[in-house]
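Visitor: I should like a close look at a single part of this structure, the shell around the ligand. Please then continue to the elements behind it.

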Amino acid sequence: MMLPLKRRRALEANKLAAAQRESSEKQTNGLTHVDSEMLDDKLAVMQRESNKMQNGGPAHVNTEFSHCGKCDVNSDSKGGFFADQFENLANYRAHYECTGPEIWKQTKGNLHAFVAAAGTGGTIAGVSRYLKEKNRSIKCFLMDPPGSGLFNKVTRGVMYTKEEAEGKRLKNPFDTITEGIGINRVTKNFMMAELDGAYRGSDREAVEMSRFLLKNDGLFVGSSSAMNCVGAVRVAQDLGPGHTIVTILCDSGMRHLSKFFNEQYLADHGLTPTATGLEFLDK
Ligand SMILES: Cc1ncc(COP(=O)(O)O)c(C=O)c1O
């Protein structure tokens, strides 16, 4: 059967990227420069999936959007590989096969809730699916930043955010200090998530939380991680004492020096942190 052109091109690009990776690995004496065990795991999963498909075996998720497949060896296609992290379910699978099991292992299965914001949705989808399969009573929640429509999608089934209401629609996407989280469409990755509810967080809460984590825990994290921790406190407030709640610290503060950790930028946007504790999360 003849594959559609776009898919053939994606497969060709995939093959090319693999060849380039192989050649650069040779140039570094076979040493791949990955700096965490987690990344190693993710790469191994993706490689395994790709191998499975090339051997004609089934992919873990049955989807017509799988980007792994047998490539045209004779292709002369040039260029890079469009990973398409938003729609490519290899993203979801990496979290289903690595992040979810890592959380399960580290907590020895003793957790009550997981909460995280979504960009592509890969993390929340992979982790929530895995945890729910292990124990359906584990609650999984979305934490949504300003300007994102996902909160309403999860809680009301409608993709909507008041910042984009009719008559108010901005020319540019709604501005938020957070980066990499929040979106106004439902991605293929997000569709795989199994959620019990959603929370909303503000820019101010994220900024205050980042300073709280720095002062009290020695953690220098970026806006997504700070927002995730705001989510963890919200879930804790709702579940009450005696529960184990897991979230993800997915970005370092080093990537956020020009805005999130820039005093002048924060002052210009009325976001100078003032809290001494977590009082900014009082209900
Ligand atoms: C800095 C940052 N935080 C959070 C996320 C959200 O994770 P996910 O894309 O898995 O939803 C991303 C997305 O790539 C990101 O770049």
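Guide: The shell around the ligand is made up of 8 polar, 4 nonpolar and 2 charged residues; Ala, Val, Leu, Ile, Met, Phe, Trp, Tyr, Cys and Pro count as nonpolar, Asp, Glu, Lys and Arg as charged, and the others, including Gly, as polar. This is a predicted model, in which local features need pLDDT of at least 70 and side-chain atom pairs pLDDT 80 or more, while totals for chains, interfaces and linings use all residues. Numbering starts from 1 along each chain as its sequence is written.

The ligand is surrounded by 14 residues, of which G119, T120, T123, G180 and S224 are the closest; a residue is near if its C-beta atom, placed from the backbone, lies within 6 Å. Helix 4 (residues 122-134) gives the largest share of the shell, 3 residues. Helices (H or I, at least four residues) and strands (E, at least two) are DSSP runs, numbered from the N terminus.

The model also has an open sheet of 4 strands in the order 3-2-1-4, paired in parallel; pairing requires at least two DSSP bridges. Strand 3 and strand 4 (245-246) are at the edges with a single partner strand each, so one side of each has no neighbour in the sheet. Strand 1 and strand 2 are joined by 4 bridges, and A116 stands opposite L142 in strand 2. Helix 4 packs on this sheet, touching strand 1 and strand 2 (contact: C-beta atoms, placed from the backbone, within 7 Å). The direction of helix 4 makes about 170 degrees with that of strand 1, on a scale from 0 to 180 degrees between N-to-C directions of axes fitted to C-alpha atoms, for helices over the stretch in contact.

Technical notes. Contact = placed C-beta atoms within 7 Å.
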